[in-house]
Amino acid sequence: MFNSNNSYVAPQSFILNGIPGLETVHVWISLPLFTMYIMSLVGNLGLVYLIHHEEALHRPMYCFLAMLSLTDLLTCTTTLLNALCIFWFDLKKINFNACLVQMFFVHGFTGVESGVLMLMALDRYVAICYPLRYATILTNPIIAKAGLATFLRGMLLMIPFPFLVKRLPFCQDNIISHTYCDHMSVVKLSCASIKINVIYGLIVVLLIGVFDISCISVSYTMILQAVISLSSSAARQKAFSTCTAHISAIIITYVPALFTFFTHRFGGHTIPPSLHIIVANLYLLLPPTLNPIVYGVKTKQIRDSVIKFFQGQKIGS
């Protein structure tokens, strides 16, 4: 945007254009997204309720799962409500500062989610490799400090993003081909060099994504070595079964995240914009929707708690 002196100023607002090329079916696209959001609300709030009220679930693994559920809910809520306003009411305009706030929280919560998955991998490592010391290593104060450190890391590393965007000049185009304010989608509208933004984005990816994936990989390598060394096949199967839900959560979270990251930076014109935006929305919606189902199916203690809850409700009524 230009002012009277031909200098650049930040736009007052952006236009979130939804999914380009699929405007005529926005309403139909919104239906599965809305269904997934309702499922994520019910599933994650139900998980948090069970973990809080069931004494059998007052263990480190389930404390980390409660953190993951809350983070997932906050992540998808910051984006999906905005997307539904676009799809249902054609409310595409978003204030410039509101866009920066949304960008901060979207990337902040995804960073926290990655950190919680790393903590859950470390939890499984301690549980399988040091079962006798599990309760003494992962005490409540340690869990609280680890959760706080993960939250602060995710949020503090995202603070520079809004300021890096705010310093950029935006000449004329203020239309974002997306359903929410993503960092790269916004900075690509700038008419100046975005090299600093790209470099800092890569630094954040290294400090969060690469670091967390490396820790998860090392944890599961050591878990695999410990499990293979067990003499009993039943013990090996039991050890593996305690990790399957977490491995599923890792795949659900990181596969679409990596797709989104690489297509933004290296996809160029080979990936249709509509496919990229759909995957970017699924990247934020799939983990909150599927994680409660995966943990409910794969974790016996959670299944037993759900059955106990509904039996109690039936007896009470």
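This passage describes a predicted model of a protein, moving from the whole chain to one helix and then to a single serine.

The protein contains eleven helices and three strands, and from the N terminus on these elements follow the order β-α-α-β-α-α-α-α-β-α-α-α-α-α. Along the principal axes, the C-alpha atoms occupy a box of roughly 75 × 45 × 35 Å. The radius of gyration is 22 Å, which agrees with the value near 20 Å that a compact globule of 317 residues would have. Of the 317 residues, 48% are buried, and the protein exposes about 15900 Å², of which carbon and sulfur atoms supply 70%. Among the contacts with a separation of 6 or more, 78% join residues that are 24 or more positions apart.

The UniProt annotation "transmembrane region", taken from an unreviewed entry, covers residues 27-50, 62-89, 101-122, 142-165, 198-227, 239-262 and 274-295. Two of these annotated spans may be described in the model. Residues 27-50 are 100% helix and 0% strand, with their end C-alpha atoms 34 Å apart, whereas residues 142-165 are 88% helix and 0% strand, with a distance of 36 Å between the end C-alpha atoms.

Helix α1 comprises residues 26-53, that is, 28 residues, and it reaches 40 Å from its first C-alpha to its last, close to the 40 Å expected at 1.5 Å a residue. The buried residues of α1 are His26, Ile29, Ser30, Leu33, Met36, Tyr37, Ser40, Asn44, Leu47, Leu50 and Ile51. An α-helix has 3.6 residues a turn, so residues three or four places apart point the same way.

One of these buried residues, Leu50, also appears in the surroundings of Ser305, a residue that belongs to helix α11, which runs over residues 300-316. When neighbours within four places in sequence are left aside, Ser305 is in contact with Leu50, Glu54 and Leu57. The relative accessible area of Ser305 is 4%, and because buried means under 20%, this serine counts as buried. Within the chain, a polar atom of the Ser305 side chain lies 2.9 Å from the backbone oxygen of Gln301. Taken together, Ser305 is a buried residue of helix α11, with its side chain placed beside the backbone oxygen of Gln301 at 2.9 Å and with Leu50, Glu54 and Leu57 as contacts from elsewhere in the sequence.

Methods:
Residues are numbered from 1 along each chain as its sequence is written. This is a predicted model: local features need pLDDT of at least 70, side-chain atom pairs count only at pLDDT 80 or more; totals for chains, interfaces and linings use all residues. Side-chain values use heavy atoms; hydrogens and water are left out. Helices (H or I, at least four residues) and strands (E, at least two) are DSSP runs, numbered from the N terminus. Buried means under 20% relative accessible area, exposed over 50%, partly exposed in between (1.4 Å probe, protein chains only). A polar contact is a pair of N or O atoms within 3.5 Å; within protein, one must be able to donate a hydrogen and the other to accept it, and residues adjacent in sequence count only if both atoms are side-chain atoms. Contact means heavy atoms within 4.5 Å. The expected span of a helix is 1.5 Å times one less than its number of residues. The radius of gyration is taken over C-alpha atoms; the globule rule is 2.2 Å times the number of residues to the power 0.38. Accessible areas come from the Shrake-Rupley method with a 1.4 Å probe; for residues, only the protein chains shown count as cover. UniProt positions are given in the numbering used here, feature names are shortened, and annotations may be inferred rather than shown by experiment.
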